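Notebook open, coffee poured. I want to look up helix packing first, then the ligand shells, then a few odd residues.

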Amino acid sequence: MTFEVDPHPLAQLGVVLVAAGRGERLGAGVPKAFVELGGRTLVEHCVETIVSLHGGGHLVIVVPEEAAAATLELASRLVPAGSAWEVAVTPGGRERHESVRFGVAALHETVDLVLVHDAARPLTPAALFERVGAEVRRTGASVIPALPVVDTLKRVSADRVVHETVDRAPLVAVQTPQGFPREQLAAAHDRLGSAPAGSEPTDDAEVVQRAGGSVRTVEGETLAHKLTTPGDLALLEALLQALLAERRLATTQPGGDR
Ligand SMILES: Nc1ccn([C@@H]2O[C@H](COP(=O)(O)OP(=O)(O)OP(=O)(O)O)[C@@H](O)[C@H]2O)c(=O)n1
Ligand SMILES: C[C@](O)(CO)[C@H](O)COP(=O)(O)O
């Protein structure tokens, strides 16, 4: 009899949920992670999904300092009784990469696999967290979700004149959660330090690549759409209504989840 040995036995899951941004492009008057979608904040949507992941883990939510106490209370209420999830909250930094670094530092020492997720992607399904985590475990590499680019791409100048069409075949749009062996992610963020203004990395895959690491992709999800501008809010509301209708239908079907 032969046994398959997992070459990368990353066992202890940690999730860093970054929610400390100001949401300037949305302009809602409150930090974006605390905007409501269908009566619940973006942070609540994300926490609910994360604490539903099998096996449990350590969730660190990174928020503006003044929101820390309220967020911890809110999030703790969402952890089901008897769950193997533990929740903590830590203050964020001025840039996203700083918030991630603080979040990773706040994870329990035993955590060896980290998923970094934007609170700004509130409808991201649990299946995407599982897919990214499974690929990190399978390969021992850093893994990000990606979707093909569907629009024709043009390079334009500041005065809006089109210069050329860009080949989209090798391009993808990337999402979160992004998954990493903890050592690789922490070392890459330590090496980055405070990037000079204007050259800040916009995702963690770039932080890892700047440190010389390689990154793989898995299929992303339309539902992982990011709330960036007011138009995204309308789109996410519509997606949420469609999801809720689908769930209602599933519970009323014969043999459905009653
Ligand atoms: N200093 C920062 C900046 C961003 N984020 C988080 O990173 C995610 C993605 O960032 P983005 O969509 O750019 O959010 P904001 O920075 O809030 O938006 P804006 O750039 O429009 O101000 C969000 O969940 C945001 O809360 C963070 O934790 N800390
Ligand atoms: C991390 C991210 O969501 C991946 O697409 C994205 O890079 C965040 O970028 P933003 O410009 O800070 O919104």
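At what angle do α1 and helix α2 (residues 68-78) pack, and how far apart are their axes? I looked it up in what is a predicted model: the angle is about 35 degrees and the axes are 9 Å apart. α1 passes α2 in a right-handed crossing.

**Entry: the α1/α2 contact**

I listed the residues that meet here. From α1 come Val-43, Glu-44, Val-47 and Glu-48, and from α2 come Thr-71, Leu-74, Ala-75 and Leu-78. By class, that contact splits into five nonpolar, one polar and two charged residues. The spacing reminded me of the textbook rule: an α-helix has 3.6 residues a turn, so residues three or four places apart point the same way.

Next I checked how covered α1 is. Helix α1 (residues 42-50) is largely enclosed by the rest of the structure, because eight of its nine residues are buried. I wrote down the buried ones: Leu-42, Val-43, Glu-44, His-45, Cys-46, Val-47, Thr-49 and Ile-50.

**Entry: Glu-44**

A glutamate in that list made me stop. Is Glu-44 buried or exposed, going by its C-beta neighbours? I count it as buried, because it has 22 other C-beta atoms within 10 Å and the cut-off for buried is 20 or more. Glu-44 lies in helix α1. Leaving out residues up to four places away in sequence, Glu-44 touches Leu-74 and Leu-78. I also looked up Arg-77: it sits 33 residues from Glu-44 in sequence, and the C-alpha atoms are 9.9 Å apart.

**Entry: α3 against α5**

How do the axes of helix α3 (residues 96-105) and helix α5 (residues 182-192) cross? They come within 10 Å of each other and cross at roughly 135 degrees. That angle makes α3 oblique to α5. The crossing of α3 past α5 is left-handed.

On the α3 side I noted His-97, Val-100, Arg-101 and Val-104, which meet Leu-185, Ala-186, His-189 and Leu-192 of α5. The class split for this contact is five nonpolar, two polar and one charged.

α3 is mostly covered, with eight of its 10 residues buried. The buried set is Arg-96, His-97, Glu-98, Ser-99, Val-100, Arg-101, Gly-103 and Val-104. What covers them? The cover includes strands β1 (13-18), β4 (57-63), β5 (85-91) and β6 (113-118), plus α5 and α6 (204-210).

**Entry: ligand shells**

Ligand 1 has 22 residues around it, and those that come nearest are Val-18, Ala-20, Gly-21, Arg-25 and Ser-99. I sorted that shell by class and got seven nonpolar, six polar and nine charged. Ser-99 is also on the buried list for α3.

Which residues are around ligand 2? I got Arg-96, Asp-118, Val-174, Gln-175, Thr-176, Thr-202, Asp-203, Lys-226 and Thr-228. The class split there is one nonpolar, four polar and four charged. Arg-96, too, is one of the buried residues of α3.

**Entry: backbone oddities**

Thr-176 from the ligand 2 shell turned up again in my omega check. The peptide bond from Thr-176 to Pro-177 is cis, with omega near 10 degrees. Pro-177 is in the loop between β10 (172-174) and β11 (178-181).

I also flagged Arg-160, whose phi is near 70 degrees, a positive value in a residue other than glycine. Arg-160 belongs to the loop between β8 (153-156) and β9 (162-166). It is exposed, because just 6 other C-beta atoms lie within 10 Å, and the cut-off for exposed is 12 or fewer.

**Entry: sequence distance versus space**

Two pairs to finish. Gly-38 is in the loop between β2 (36-37) and β3 (40-41). Gly-38 and Leu-240 are 202 residues apart in sequence, and their C-alpha atoms are 7.4 Å apart in space. Gly-38 touches Glu-237 and Leu-240, not counting residues up to four places away in sequence. It is partly exposed, with 15 other C-beta atoms within 10 Å.

The other pair is Glu-206 and Arg-247: 41 residues separate them along the chain, and 36 Å separates their C-alpha atoms. Glu-206 is in helix α6 and counts as partly exposed, with 19 other C-beta atoms within 10 Å.

Technical notes
Residues are numbered from 1 along each chain as its sequence is written. Chains are lettered from A and ligands numbered from 1 in the order in which they are written. This is a predicted model: local features need pLDDT of at least 70, side-chain atom pairs count only at pLDDT 80 or more; totals for chains, interfaces and linings use all residues. A residue is near a molecule or strand if its C-beta atom, placed from the backbone, lies within 6 Å of it. Ala, Val, Leu, Ile, Met, Phe, Trp, Tyr, Cys and Pro count as nonpolar, Asp, Glu, Lys and Arg as charged, and the others, Gly among them, as polar. Axes are lines fitted to C-alpha atoms, for helices over the stretch in contact, and angles run from 0 to 180 degrees between N-to-C directions. Helices (H or I, at least four residues) and strands (E, at least two) are DSSP runs, numbered from the N terminus. Angles under 35 degrees count as roughly parallel, over 145 as roughly antiparallel, 65 to 115 as roughly perpendicular and the rest as oblique. A crossing is left-handed if the near helix is turned anticlockwise from the far one by less than a right angle, and right-handed if clockwise. Two residues are in contact if their C-beta atoms, placed from the backbone, lie within 7 Å.
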